[in-house]
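Visitor: Please take one part of this model and go through it closely. I would like to know what sits around the nucleic acid and how the contacts are made.

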Amino acid sequence: MEVRDAAGIGDLEPWLRSQHAVGVSVLLDDPRPRRGAPLALAVAGVDGRVVAGDGAEASDALRHLVEQTGVPLVGHEVKPILVAGFAEDPDRLPAPVAFDTQIAAYVLNAALRSQTIADVVAEQLDQILPSAAELPPTARAGLEALSALAVRDPLERRLADVQLDRLLREVELPLIAVLARMEAVGVALDRDALAALDREFRSEIDRLEREIYVDVGHDFNLGSPKQLEQILFFELNLPKGRRTKTGYSTDASVLEDLRPAHPMIDKLLEWRIYTKLRSTYVEALPTLIAADGRLHTTFHQAVASTGRLSSSDPNLQNIPIRTALGRRIRHAFVAGAPDLVLLAADYSQVELRILAHVSGDEHLKDAFARHADIHRETAARVLHKPPEEITADERSMAKMVNFGLAYGMSDFGLASRANIPRREAQEFINSYFAAYSGISYYMMAIKEQAKSQGFVETLLGRKRQIPELRAANPTLRGAGERMAINMPIQGTAADIQKIAMIRVAERLRGSGLDARLLLSVHDELLFETPRDQVEALAALVRETMEGALPLAVPLVVDVKVGDDWESMTPLTRADAIAAEADELPDEAVAAAPLAG
DNA sequence: TGGTTCACG
DNA sequence: ACGTACGTGAACCAC
């Protein structure tokens, strides 16, 4: 291996141009986008030559040369190299990605969480890689670049054997550059708004703490589950609820039942909400703002066993929205300049539509074809009543069942969430399956299929092995059955979202629009766009997302626009109606006049 | 490090 | 009889 400084990079150009692909690996002192400086970057040729740049200057020079020659990249986690390029210029064409061994290994077995290059080499080549900790950065990068090149062929053969090569080539690989660009672009955050929230939350927390200590009679650590358990169940002698491995549970559903029993419970619940929001968001997010004034998440493409993306450092897929207090945090996510706005496009009921498609259930398909209020429609069909006679409670129950379906819901689960007797929950579920026999049949069939072949798959063929289905332990086996029900639905939704992201990014490039894709939150895409281009962007995004994968039911996308991520207003009348049905509390929807 | 809790879809 | 709705990530406490 050759180690070079910045001055020794330039004369590598003829060699790079002679390679039809190169293995690449970068080692960063901080893995977060726009944070880390490279310690080393290595390039391995198909001719066996390996060159490593030593330090930030040489690594950047080598990366620039690779980008300039346009040689296709092979690596184990290529995204950080693309992020570095997009950080310099988000509008540049990225280096082409020929293969990513981390993502290939994930597609082959999504049940294992993120495999290292050493794991893949051991599996594919039956060789042990030297321990990375003992090697200098240049050697480590060189070894990884070469290893990635070496495991490509065996991985490609296995992918083709199980017909996963197209999923990798047409979805996962093109997605890498889309995600890299999103990470490099980031999202703007209003620091002052968060600072004000911090002051307000802190004073509420202080007040609640003082009041709770008075109610209890002495101080203790409210955040300690152990001390809290002692106070609640042994000092105040409140009724004990569910058990955990370590003691009695004090989670919100338990505390909810204890509210009438002691005045401190209400305050404790409120204290929990404030401290959660303060420590996870209000305090943490400002410290993660980069030099460009924006937040840059990292998307993980090889973690979730269903095919979904995840997000970390910070996680921007769990920014609060469900409560008014939480939404004040979302309010701090803003468009980055006065002439820009945010545009959010989300798939309406995508998982239930996928269930309608894969099960072929005629009644569910018909309801979606008619663009009916799906929860009301469900209640009406299950209870044998006209839709306009459905009460708020009945619609709410149907809504919970519709959500629970994709999770392999039990009567117990429904009963605890709907706060009804288990027997009633069981009756509703029975009536549901009688009314939607196609769904009932599908649930049995998918479990059988999963058991016989050991895995389940999405519409694009993405697979998840489920060894739990063969467990002797009935609890574990039950968990396996629920995974078997959920993965094809959640995973197909992920497939659709990924196709949409790739096509939207592609069409934006050729559109003359200046919009940027910022975030993907499972069934939602968030963009930043010049105000005067909103209409054109909305049309492009809606059409692309709705057409991502034709199903037996229409895919419907709701579009909203606003100056921040909280104050979003529906773009059209149809978006407004859909937003109302999807988001308002059930009572409001049941009370509202029918939309047509 | 593992357990608990809770933020999101 | 048994434990019980899928998938994530982060903060905090206890060991």
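Guide: What follows is a walk through the protein surface around DNA strand B, with a short stop at one residue afterwards. The model is predicted.

There are 21 residues around DNA strand B, and those that come nearest are K245, T250, I321, R322 and D523. Sorted by class, this surface has 8 polar, 7 charged and 6 nonpolar residues. Helix 11, which covers residues 263-282, supplies the largest share of the surface, with 3 residues.

Next, the DNA side. Of the atoms of DNA strand B that lie within 4 Å of the protein, 75% are part of sugar or phosphate, and the rest belong to bases.

Individual polar contacts to phosphate can be listed as well. R272 uses its side chain: one of its N or O atoms there is 3.0 Å from a phosphate oxygen of DNA strand B. T246 uses its backbone instead, with an N or O atom 3.1 Å from a phosphate oxygen of the strand. D251 also makes its contact through the backbone, where a polar atom is 3.4 Å from a phosphate oxygen of DNA strand B.

The last stop is Q349. This residue is in the loop that runs between strand 12 (340-347) and helix 14 (350-359). Its relative accessible area is 16%, and the limit for buried is under 20%, so Q349 counts as buried. Apart from neighbours within four places in sequence, the residues in contact with Q349 are F368, I374, H375 and D582.

Definitions and conventions:
Residues numbered from 1 in each chain as written. Chains lettered and ligands numbered in written order. Predicted model: local features only at pLDDT ≥ 70, side-chain atom pairs only at ≥ 80, totals over all residues. Heavy atoms only, no water. Near = heavy atom within 4 Å. Polar contact = N/O pair within 3.5 Å; in protein donor to acceptor, adjacent residues only side chain to side chain. Helix = DSSP H or I, 4+ residues; strand = E, 2+ residues; numbered from the N terminus. Nonpolar A, V, L, I, M, F, W, Y, C, P; charged D, E, K, R; others polar. Buried < 20%, exposed > 50% of the residue type's maximum accessible area, 1.4 Å probe, protein only. Contact = heavy atoms within 4.5 Å.
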